[in-house]
Each structure stands twice: as C-alpha cells, then as structure tokens.
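Student: I would like a close look at one enclosed space and the parts around it. Please give the whole picture in one go.

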Amino acid sequence: MSDYIDDLHIESLAYGGSGVGRYAGKVVFVPLTVPGDHVQCRIVRQKKRYIEARAERVLVASEHRIAPACPAFGQCGGCQWLHLPYAEQCHWKETIFRDFLVRKLDVDSELVRPIVPSPQQWGYRSRVQLKCLNTPKGFLVGFYRRGSHYVIPVDHCPILHPLLNQAKDLLRSWIENTRWSQFVSQIDLAVDDQERVRAVVHCLANDVDDFVTHLKPGALSANMGLFVQTGRKHNLQHVCGPVELLIEVDTPELRLGYGPGGFAQINLPQNRAMVREVVGTLVSNPPGRVLDLFCGMGNFSLPVARLAQEVVGVEAYLQSIEMARLNARLNEIENVSFFAREAYGAATEYGADGAIDLVIMDPPRSGAYDVARELVTVRPARILYVSCDPPTLVRDLLPLLHNGYRLVWSRPFDLFPHTHHTESITFLERV
C-alpha cells in the first residue's frame, strides 16, 4: 500500500475531532478536515481496522469549510474545529454523542435530547492553563502542539475571556527578560462572574521570594489575585488580591466561591444551564436523601439542597470541601453536609443509614467505573450523571443499565465551542 492516499473523501467526523473517510476497506482518520472535503493525505499509522493520516493538500474544499479565526489553528492543540461553522459543530457533537449511546448502550435514539449550544462562541473560556517555555527567541506563553509538549506561542486566543488574554500579556511582560523566566513552566488563569482575575504562576526558582517581590507591584496595579506555586498545588504562596473567585448559579441566585486549585466549569453561562437542567428535572418530584459525589465547592449540591430533605457532598480535595462548607453558610443553606473523602465507598457508607433517593455524579474525565459498580449494590432510586467524556460515560453506564436501571434521558451540552469536547447530563431511574 502506498504511503499516500491521492483522493480521500471525508464523509463525517469522529470523537476526537478527526474527519473520517474510507480507503482500501478501512476507516481513515484525518485531523483538521471537514465533511465534504476531498484531500490528498499521507498515511502516518496503519492498524488492523483503521488508518491514521495527515492531510497534505485540500483538493476540493467542503462547502462547510471556513477560514479559522486564529492563526495558530493547526499547530496549537487547543481547538480542533475552528474551520467549521458553529452550527455544524453542534450538529456533529450531538450526532457523535447520540451515536455513542445508541451503538454502545442500545438505547432508543429519542432518549437523547437535543444539544444545548453555548450562548457564546468566543471569549467563553473562564479558566485556562497556559504552558510556558524560555527560549533564545524569548519567553513563550501558549499551548502545547497536539500530541506533544512543544509550546506554541499564542498572542491572542479567541476563545479566552478578554480579561484572561489581557492578564496573559501582562504576566508575559513581567516575566520575560528576567532571571526567573527559565523556571516558569505554567500560568493558570481564571476569571469569575464579577470579572475578577486570579493567576497562579508555577515557578521552581530557588529565590521565589525575590520573584514574588518582582511580581507584586504589577499584580496590585492590575487588581489581580496572584499566587505563586512551587510544586504541587498545596505549595501555594498568596501574593496579593482576591483568594476566592465567585460564580453564580440557580434562581434565586447563589454565589459560590472557589479557591486556587479548586474546580469550576470553564463556561460559566453553560454551567448555569446545566444546573437549571438538574433542578428542573427534580422540581416536580423533589428528592429526599441526596448524595453528591465529586461535589467540588457545591455547584450542584447547594441548588439541589433547596429542593431536597438532606444532601451530603463528597470530594477528595480538602480545600474544595472547605469552600463548599463556607458557600453553604454564606448562602444560608443548612440541610447539607460536606466531607473530604474519596467517592468510592461513600454510597455504601451513607446508604447504611437509610435509602438514598438520588445520587449525583460529576467525575473527572477518567470517569467513575468503580463507583458505578458500587451503585449497582446500593441501588439509589435515581442517578444524575454529569460527564465530560462520552467514552467513559458509556463504560460507566453499562453496569447500571444491565443491573436494574433504565436511561430516562440524556442531553449533551456544548461547553467547549471549536473543540471536539462535549459535556452531558444523563438521568437514570431504578426499574
């Protein structure tokens, strides 16, 4: 077989963002292509059932192909679909998500509800990890190239909140051409609903105190919350500015704080939409005892507690649990308790005190297969699974659907325009 495919017709898109064609009886995956494209491509890897290829030339461009809004597209690994109109992105995200559930779980296609598009295509990202590298050509701040640890510098990222682009430029100007630039590997930025900015600069220099002294005047003048991290996330030094950022959810409004190292969704309007979906699902049949696993700072726990008799939130990161407790006090919600512990085993322990009406799960990308298997034994009446990864969602739902649960509905949410990533909420009931 030749190393080249002279004319490959791209028929669809796959999870991960690549275009899909067929050649010599095999599926071919080609990044940065659009359905309707005809491309000449080079084969980079052959497997038994599929081929991975790289587009060398677009022979005929799809009618859906558009000019990307970022000059780093194709090099930076952050976005996969900047060359596709947003309506088409949503169409393919919904199609791919529905296909996962129908093919892998054998559920009725009609149980997958339409995707919720993001109200903002641009400037939606409220958190970001920027990679840094000091080179003879200067101090680079940007993102890794796809599949590598090579830093692609980015002058302006169109999906970042404007204040984060501004903060990025300020920090770069404060760090470049200093003796500390070679020791800075990453900058974490976040902005909240009050447009307050927080930065965490990762620096492994021996003279960190001098570095802090250098950064502080700029951060003070910019009204920026600034931290310096010298290792793992518990090695944080607060330099100046606000410690907690505040996000807003639910109606009437709840304000929830989260600290550096804690978690909040990167698309704040879409996070509010997901909270509305969860609360709206429960309002006609309010839950009794609720267990919220991977609860973070109470993003779902506290809105649901307004409906429920009792809520217990579980999260392994102690600082997030401390924030959840503070958020409960500040919002005057008393029927909720938070505990710092691993999610696995919590349902068994909590369920020993009485039946659990509802379990909410919002695990990391790796999913929670061990917890799903535990729930088969504990048997809560209802489960709401919030997922950011369709493959692990499908894997975790299988033991539940094979052991006495039915899928009532599932809905994808687009929290990440111009990328292939899809968030979702799935609602299960015990049969």
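**The largest cavity and its surroundings**

Tutor: The lining of the largest cavity divides into six nonpolar residues, four polar ones and one charged one. Keep in mind that this is a predicted model.

How do we know a space is there? Rolling a probe the size of a water molecule over the atoms shows where empty space is left. A search of the whole structure for cavities of 30 Å³ or more finds one. The space inside the largest cavity comes to about 60 Å³.

Now the walls. One stretch of the lining is Ala-14, Tyr-15, Gly-16 and Gly-17. Trp-81, Lys-93, Ile-96 and Phe-97 line the cavity too. Pro-390, His-420 and Thr-422 complete the list. Helix H1 (residues 86-105) gives the largest share of this lining, three residues.

Look next at where that first stretch sits. Strands S2 (residues 12-13) and S3 (residues 19-23) pair in the antiparallel sense, over two bridges. Leu-13 has Gly-19 in S3 as its bridge partner. The hairpin of S2 and S3 has five residues between the strands. Gly-16 in this hairpin takes a positive phi near 110 degrees. Gly-16 also lines the largest cavity.

Follow the chain onward. S3 and strand S4 (residues 26-30) also pair in the antiparallel sense, here over five bridges. Gly-21 has Val-28 in S4 as its bridge partner. Two residues lie between S3 and S4 in their hairpin. Ala-24 in that turn has a positive phi of about 55 degrees.

Step back to the sheet. These strands belong to an open sheet of six strands, with mixed pairing. The order is S1-S5-S6-S4-S3-S2. S1 (4-9) and S2 stand at the edges, each with a single partner strand, so one side of each has no neighbour in the sheet. At the S1 edge, the partner is strand S5 (residues 38-46). S1 and S5 pair in the antiparallel sense over four bridges. In that pair, Tyr-4 stands opposite Arg-42 in S5.

Back to the hairpin, and to an open space. The second largest pocket has a volume of about 460 Å³. Its lining holds 19 residues. Those nearest its centre are Ala-14, Tyr-15, Phe-29, Asp-99 and Arg-103. Ala-14 and Tyr-15 line the largest cavity as well.

Which elements build this pocket? S2, S3, S4 and H1 each supply at least two residues of its lining. H1 gives the most, with seven residues. By class, the pocket lining has nine nonpolar, four polar and six charged residues.

Put it together. H1 gives the largest share of the cavity lining. H1 also gives the most to the lining of the second largest pocket. Ala-14 and Tyr-15 take part in both linings. S2, which supplies at least two residues to the pocket lining, is an edge strand of the sheet. To trace this in the model, start at Gly-16 in the hairpin of S2 and S3. Then find Lys-93, Ile-96 and Phe-97 in the cavity wall. Finish at Asp-99 and Arg-103, among the residues nearest the pocket centre.

Note on methods
Residues are numbered from 1 along each chain as its sequence is written. This is a predicted model: local features need pLDDT of at least 70, side-chain atom pairs count only at pLDDT 80 or more; totals for chains, interfaces and linings use all residues. Side-chain values use heavy atoms; hydrogens and water are left out. On a 1 Å grid over the protein atoms alone, a cavity is a set of points where a 1.4 Å probe fits but cannot get out, and a pocket is an open set with protein on both sides within 12 Å along at least five of seven lines; lining residues have an atom within 4 Å of a point. Grid points are joined across faces, edges and corners, and a volume is the space filled by probe spheres set on the points. Ala, Val, Leu, Ile, Met, Phe, Trp, Tyr, Cys and Pro count as nonpolar, Asp, Glu, Lys and Arg as charged, and the others, Gly among them, as polar. Two strands pair if DSSP finds at least two bridges between them.
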